[in-house]
Amino acid sequence: MTEKGLADVVAAETSLSDIDGKLGRLFYVGYDIDDLAQYSTFEEIIYLLHYKRLPTRDELDELSERLVSDRELDEFTDGLMPTFGEVASPMSMLRTTVSAASAYDPDGWDQSADANERKALRLIARFATLITKYHRLRTGQDPLPPNPKLPHAANILYMLFGEEPEEESARAFDICLVLHADHTMNASTFAARVVASTLADMHSAITAAIAALKGPLHGGANEAVMKMLQEIGDVEKAEAYIKEKLGHKERIMGFGHRVYKTEDPRATHLRRLSRELGERSGDTRWYEISERIEKVVMEEKGLYPNVDFYAASVYHSLDIPSDLFTPVFAASRVSGWTAHVREQYADNRLIRPESDYIGPRNQAYVAIEERG
Ligand code: COA
């Protein structure tokens, strides 16, 4: 019996992340996401996912320095950026530049475990540069060199906007990166592991993951949520808008989840951030519309918001353009993807499932002249 969409099929063993869908809990290497969102930083999460334990202060400092020194793009990829700034959508830019960068990685086609560790950190560091440089170029602004004094999250905001972010914004964005870093066998992570299982290189696996994340049923949902919030525009219009969509059997983006049967714990943190950022800026409109949508979708369909729902208003409050929401998701998730690829390489077997054949059988071949 085929389980459509591979629901409930266990596709791999992992010691990276774990979900309790009934209780609405998420763990990275056994640590509760609630604790990590409260106390941790994105750099610490990168360490946790890649070395499967929390770092000491010295280890964290060393990792942070490595990430800072890996932020600059290679010359070839850098040269592509002006063209991509003109012609490519952000996720297409990311997919293509990561693929292109494979040929210029200092470790080349070296597939050793050490080389893959270095490639992983390089990719994590450079995603930030790719996204921000692309945005500066497409908006006619000079790209900014990375700021070595700033941690990963704050540096992304700095390279986008040209100013060091306020502490609250930097921390809010850092929490977003913590929350998006890994999520068991989601579609993009699975795609990365399938490619890695053929022993193709790290960049190929991450290119596949970006392609999978792009779709609106996965990472693309956060951008679609912002579009919906803007279409609604006024909290009083939210109920009628949602009811009309549901009446036409349309999906409400940012709701529902394959694994969570209750609230996605990441949504809890993002809801709080959405409210806090709105209050701080004096514009709670997007939070209020979101809250009203959540109420109506719960009443009408019994569905909970997922990670993408409140991420939209949070990113919007941080002035991140809507079409960069999914790339920003990728800038975090690349930490999980690369850790999964390394995990796959470390104990590999080709991922090659079966299919149920449902087509005709025993057909007699008819010469082309005789076909009606
Ligand atoms: N809006 C309206 N109805 C939804 C819905 C949504 N966002 N998500 C699920 N449903 C409904 C489906 O229509 C279906 O109803 P039916 O049984 O009456 O046909 C039922 O819930 C089950 O949906 P299904 O598509 O089988 O669930 P899934 O596990 O395959 O899908 C998602 C999971 C995430 C793809 C799905 O919930 C969705 O499309 N959400 C919107 C996109 C999104 O936010 N993606 C980001 C995920 S983190």
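Author: A salt bridge is a side-chain nitrogen of Lys or Arg within 4 Å of a carboxyl oxygen of Asp or Glu. This is a predicted model, where local features need pLDDT of at least 70 and side-chain atom pairs count only at pLDDT 80 or more, while totals for chains, interfaces and linings use all residues. Residues are numbered from 1 along each chain as its sequence is written, and side-chain values use heavy atoms, with hydrogens and water left out.

Reader: Why is the pair E343 and R193 called a salt bridge?

Author: The closest N and O atoms of E343 and R193 are 2.8 Å apart, and the definition asks for within 4 Å, so the name fits. The pair links distant parts of the chain, 150 residues apart: E343 lies in helix 16 (residues 325-346) and R193 in helix 9 (residues 187-197). Helices here are DSSP runs of H or I with at least four residues, numbered from the N terminus.

Reader: What makes R193 count as buried?

Author: Buried means under 20% relative accessible area, exposed over 50%, and partly exposed in between (1.4 Å probe, protein chains only). R193 has 3%, so R193 is buried. E343, at 11%, counts as buried too.

Reader: And how do you know that K245 is partly exposed?

Author: Its relative accessible area is 22%, so K245 falls in the in-between class. K245 forms a salt bridge with E250, with 3.0 Å between the closest N and O atoms. E250, at 35%, is partly exposed as well.

Reader: How many salt bridges does the structure hold?

Author: The structure holds 25 salt bridges.

Key: Helix = DSSP H or I, 4+ residues; strand = E, 2+ residues; numbered from the N terminus.
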